[in-house]
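Student: I would like to go through this model by asking, for each label, what justifies it. Could we set the values against the cut-offs one by one?

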Amino acid sequence: MAAPSLKTSRLLLRQWHDKDLPLFATMNADPQVMEFFPAPLDKRASDELVFTIQANLKTSLFGLWAVEILDVARFAGFIGLSVPRLEAPFMPAIEIAWRLALEYWGEGYATEGAQAVLKYGFEVLKLPEIIAFTAAINLRSIRVMQRI
């Protein structure tokens, strides 16, 4: 069963389209967007990430949805739920995550989308817990976490 789309007053969280790939690659090459990751992604790595995300959304009830900003942008990044692959005391867990293109920062889109994802995760999927984590110096993401 595929993950359903989620909609808020300003956003559509949806399945990915092939036309999203170049926009996602541009976003993943941006040093500011990727500041707290080991390195920006080249086009090949970015496309491979999309293929993995697409496959997961088609076979799972959750994943990292592509974000459309209604009447503003057909693609702005992703917001959703994932199962992180890392060793940590809190694992296994389901994480809420977001990554938006720089031009959409500071407009409340990450918060709005994350709130919709949390509602879906807790109310529809009945998940007992959803975690969020970031680098201690990533103040923008920490502020989103505090709001949600």
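Student: Why is K126 called exposed?

Tutor: In this predicted model, K126 has a relative accessibility of 61%, and because the label exposed requires a value over 50%, K126 counts as exposed. K126 lies in the loop between helix 3 and helix 4.

Student: What makes the phi of K126 worth a remark?

Tutor: Most residues other than glycine have a negative phi. The phi of K126, by contrast, is positive, near 60°, in a residue other than glycine, and K126 follows helix 3. D71 is also not a glycine and has a positive phi of about 65°; D71 is found in the loop between strand 3 and strand 4.

Student: Is D71 buried or exposed, and how do you know?

Tutor: The relative accessible area of D71 is 85%, and since exposed means over 50%, D71 is exposed.

Student: How do you know that the length of helix 3 agrees with what one should expect from its residues?

Tutor: Helix 3 covers residues 109–124, which is 16 residues, and at 1.5 Å a residue it should span 22 Å. The expected span is 1.5 Å times one less than the number of residues, and because the end C-alpha atoms are 22 Å apart, the two values agree.

Student: Which residues of helix 3 are buried, and what do the buried residues pack against?

Tutor: The buried residues of helix 3 are Y109, A110, T111, E112, G113, A114, A116, V117, L118, Y120 and G121. The buried residues of this helix pack against strand 1 (6–7), strand 2 (11–14), strand 3 (64–69), strand 4, strand 5 and helix 4 (139–147).

Student: Why is N28 called buried?

Tutor: N28 has a relative accessible area of 0%, and because buried means under 20%, the label applies to N28. N28 lies in helix 1 (residues 20–29), and, leaving aside residues up to four places away in sequence, N28 touches M34, P40, L41, S46 and R99.

Student: What makes the contact between R140 and E35 a salt bridge?

Tutor: The side chains of R140 and E35 meet at 3.3 Å, N to O, and since a salt bridge needs a side-chain nitrogen of Lys or Arg within 4 Å of a carboxyl oxygen of Asp or Glu, the pair qualifies as a salt bridge. The pair links distant parts of the chain, with R140 in helix 4 and E35 in the loop between helix 1 and helix 2 (43–59), 105 residues apart. R140 counts as partly exposed at 36% relative accessibility, and E35 counts as partly exposed at 44%, because partly exposed is the range between under 20% and over 50%.

Student: How many salt bridges are found in the whole structure, and where do K43 and D47 lie?

Tutor: The search of the whole structure finds 6 salt bridges. K43 and D47 form a salt bridge at 2.8 Å, N to O, and both lie in helix 2, 4 residues apart, about one turn of the helix. In an α-helix there are 3.6 residues a turn, so residues three or four places apart point the same way.

Student: Why do K43 and D47 receive the labels partly exposed and buried?

Tutor: K43, at 46% relative accessibility, counts as partly exposed, whereas D47, at 13%, counts as buried, because buried means under 20%.

Student: What is the corresponding reasoning for R44 and E48?

Tutor: The closest N and O atoms of R44 and E48 are 3.4 Å apart, in a salt bridge, and the two residues are 4 residues apart in helix 2, separated by about one helical turn. R44 is exposed, because its relative accessible area is 62%, while E48, at 39%, counts as partly exposed.

Student: Which residues are linked in a network of salt bridges?

Tutor: The network of salt bridges links R14, D20 and E68.

Student: Why does L86 count as partly exposed, and which residues make the nonpolar surface patch?

Tutor: L86 has 34% relative accessibility and therefore counts as partly exposed. L86, F90 and F133 make a nonpolar surface patch of about 230 Å², and L86 has its place in the loop between strand 4 (73–82) and strand 5 (95–100).

Key
Residues are numbered from 1 along each chain as its sequence is written. This is a predicted model: local features need pLDDT of at least 70, side-chain atom pairs count only at pLDDT 80 or more; totals for chains, interfaces and linings use all residues. Side-chain values use heavy atoms; hydrogens and water are left out. Patches are made of residues with over 30% relative accessible area and no salt bridge: like charges are joined within 9 Å, nonpolar side chains (Val, Leu, Ile, Met, Phe, Trp, Tyr) within 5 Å. Accessible areas come from the Shrake-Rupley method with a 1.4 Å probe; for residues, only the protein chains shown count as cover. Buried means under 20% relative accessible area, exposed over 50%, partly exposed in between (1.4 Å probe, protein chains only). Contact means heavy atoms within 4.5 Å.
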